[in-house]
Amino acid sequence: MGWVLVAGVVAVAVHPEGCGRPSDDELTTAAELAVGWFAANLQADGRFVYRYDRERAEVEPGYNDTRHAGVMWSLWQAEADGIAGAGDVAEAAFAHVERRLVDTVIGPAFGSGPRPGSGAAGLLVAALDERRLVTGRTDHDELLVALGRTLAAVVNDDGSVSADIDVRSGPGDTRSPFFTGEVMWALARLHLTFPEEGFDRPALRVRRYLVEDRDRVEAPWPPVSDHWGAYAFETMDRWPEPPPVTEREEAWRSRQLGLFSLQVRYESQRQGGITRFTRGPIALAAGVGTLGEGLGNHLLQLRRNDERLSDQGALVERADCAAHLLVERQVDRADAADDVEPHRTVGAWFRLGDTQMDDQQHALSALLLLRDTRLGDDP
Amino acid sequence: MTLTLLILAMTAAANPFRAVAARPTDTTTATVAAATATTLVLVGLCAAGSGPFLDLIDLSGPSARIAAGIALLVVALRDVFLAPPSPSPAPAGPVAGVVPLAFPVVFTPALALLAVAGGAERGVGPTVLAGAIALIPVVVGLLLDSLRSSRLGVATVGLAGAGLAALVVLDGVYAI
């Protein structure tokens, strides 16, 4: 059988990976542009432009409170990393939160409708806790602790997390592939900030469930590469008495690292030409960003503890690759020169002509985290 | 990819039954020695050049393993479904050990890519060692004049190769 035939089959199945290593300055510039997008697309009511169609130059309808809280977290993260003005934008975005804080039977939650999501409260905690760290201001401490108690109440006995909170009857029997990690991360952060409140206990219950039961019980397909879980593990690792990583947790982490890496390698093969047919269009920047966030958090933890030293080189390569894809795909000022509304496009990431605010949010967080891993900065 | 998997995959890629089927008439010990040495040199070159080669074509180590697994699958399916080659009419002696025995019969594209993937992951020494172990059945088969290849033997190794190919691909898929 001819070598040509084998080479042809292999070439159709495996493509070159368009990876690189952006410089620290490129990472910083891309993060600044993303923060600039949020500043330019902040509305008077504290919300952001949620979705924008570049070709039609139209803002599209819709909003998502969980993502709003996620944006606030990323902006405070940017402020902490020295990107000027990010905190001001996040502070202005709190106006929307004030209008959407609702009382439920288990405490305050963030969202609209009769069943706000627990994930929104989780990310709001992350944002306000980061604000507290950055500014030293304690004016939201009461709200933070109250939200923490709400989150502790959505953690079931087995460690699973109720995805929504019925305002009248409390946590529902619903699950979300992302809220579990978000709530765990929020509780983990709160334990660092308010160690006397006992938020570590529900956080540890979620940790056990996430590692040992979640995939079996909730059976997500394809398997979840859990960037929020990675945030939570990294945060717990900074507890004064961090829980030891068990064998099952190590196996879970190995699987997670494989999932993140596989997706980065796959995404990096999307370079036009034949890959349009074999790999499809590029992924959402939000998706690529979560890969960078997951890898960045795991790398921070591994480096801090000198763990998996033989894997760290490959992990850094994948993390750099995710950052490279984000930097390359971001709209810069030159790209936006012909746009009708360049303030809606500069600093954004588009897929099939659309951008959504969580594209900028996850990409921003990933870029900052990956820069932190290089600098050896612990959060 | 464990060394064991690399050895088994290389064995399937070199399929000893196919090598015996293609054995030139009048094969001598020198012919077999030349075939073995040539194949091992080629494996070593592939392993040694794996780093620059993969850099050149922008492929990571795990993706190289996926490529090697796919190449092995193609070669294995050929062995399952197509008739093995006939004995070569090439003149006996060391030259016949190089062409056609080493190339193209034993040194298949799957063996080449497995050597590249192995070299990138484990280094040259272990990869050449794996190749040497994988060639033992080939050498034994070629030296035993009484041994005749069978369609069933070629296909059986091919079938095993298909399974091993899946393992090699999965190893690349789940790797970091």
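**Exercise 1. The second largest pocket**

Task: In this predicted model, determine which helices each supply at least two residues of the lining of the second largest pocket, and which residues lie closest to its centre.

Solution: Begin with the elements: α14 of chain A contributes at least two residues to this lining, and so does each of α4 (50–56), α5 (61–81) and α7 (109–122) of chain B. Next, rank the contributions, where α14(A) gives the most, with eight residues. The space inside the second largest pocket comes to about 700 Å³. Of the 29 residues that line the second largest pocket, those closest to its centre are A:E317 and A:R318 from chain A together with B:S60, B:G61 and B:P62 from chain B. Finally, sort the lining of this pocket by class, which yields eleven charged, ten nonpolar and eight polar residues.

**Exercise 2. The nonpolar cores**

Task: Identify the residues with the most contacts inside the largest nonpolar core, and find which helix gives the most to this core.

Solution: The largest nonpolar core has 99 residues, and those with the most contacts inside it are A:F38, A:L75 and A:L364. The helix that gives the most to this core is α14 (residues 309–329) of chain A, with nine residues. A second, separate core consists of 38 residues, including B:I66, B:A67, B:A110 and B:V116. To see the surroundings of one residue of the largest core, take A:L75 and leave out residues up to four places away in sequence: A:L75 then touches A:V35, A:F38, A:F48, A:A86, A:G87, A:V89, A:A90 and A:L364.

**Exercise 3. Aromatic pairs**

Task: Classify the ring pair of A:W37 and A:F38 and that of A:W73 and A:W185, and work out which parts of chain A the pair of A:W73 and A:W185 ties together.

Solution: Over all chains, the structure holds eleven aromatic pairs. The ring centres of A:W37 and A:F38 are 5.3 Å apart and their planes stand at 85°, so this pair is edge-to-face, an angle of over 60 degrees being what that class requires. Both A:W37 and A:F38 are buried. For A:W73 and A:W185, the centres lie 4.9 Å apart with the planes at 85°, so this pair is edge-to-face. Because A:W73 belongs to helix α3 (residues 65–80) of chain A and A:W185 to helix α7 (residues 179–193) of chain A, the pair ties together parts that are 112 residues apart in sequence. The burial of each partner follows from its relative accessibility, for which the cut-off is under 20%: A:W73 has 5% and therefore counts as buried, and A:W185, at 1%, counts as buried. Extending the view, ring pairs link A:W73, A:W185, A:W228 and A:Y231 into a cluster.

**Exercise 4. Cavities**

Task: Establish how many cavities of 30 Å³ or more are counted, and describe the linings of the largest cavity and of the second largest cavity.

Solution: The count comes to three cavities of 30 Å³ or more. The largest cavity, with a volume of about 50 Å³, is lined by A:I282, A:A283, A:L284, A:A285, A:V288, A:L326, A:R329, A:W349 and A:F350. Two or more residues of this lining come from each of α13 (285–304) and α14 of chain A. By class, the lining of the largest cavity holds eight nonpolar residues, no polar and one charged.

The second largest cavity encloses about 40 Å³, and its lining consists of B:A35, B:T36, B:T39, B:V106, B:L135, B:V138, B:V139 and B:L142. Here α3 (29–48) and α8 (124–143) of chain B are the elements giving two or more residues, and α8(B) provides the largest share, four residues. The lining of the second largest cavity divides into six nonpolar, two polar and no charged residues.

How values were computed: Residues are numbered from 1 along each chain as its sequence is written. Chains are lettered from A and ligands numbered from 1 in the order in which they are written. This is a predicted model: local features need pLDDT of at least 70, side-chain atom pairs count only at pLDDT 80 or more; totals for chains, interfaces and linings use all residues. Side-chain values use heavy atoms; hydrogens and water are left out. A nonpolar core is a set of buried Ala, Val, Leu, Ile, Met, Phe, Trp, Tyr and Cys residues joined through side-chain atoms within 4.5 Å. Buried means under 20% relative accessible area, exposed over 50%, partly exposed in between (1.4 Å probe, protein chains only). Contact means heavy atoms within 4.5 Å. On a 1 Å grid over the protein atoms alone, a cavity is a set of points where a 1.4 Å probe fits but cannot get out, and a pocket is an open set with protein on both sides within 12 Å along at least five of seven lines; lining residues have an atom within 4 Å of a point. Grid points are joined across faces, edges and corners, and a volume is the space filled by probe spheres set on the points. Ala, Val, Leu, Ile, Met, Phe, Trp, Tyr, Cys and Pro count as nonpolar, Asp, Glu, Lys and Arg as charged, and the others, Gly among them, as polar. Rings of Phe, Tyr and Trp (its six-membered ring) pair if their centres lie within 6.5 Å; planes under 30 degrees apart count as stacked, over 60 as edge-to-face and the rest as tilted.
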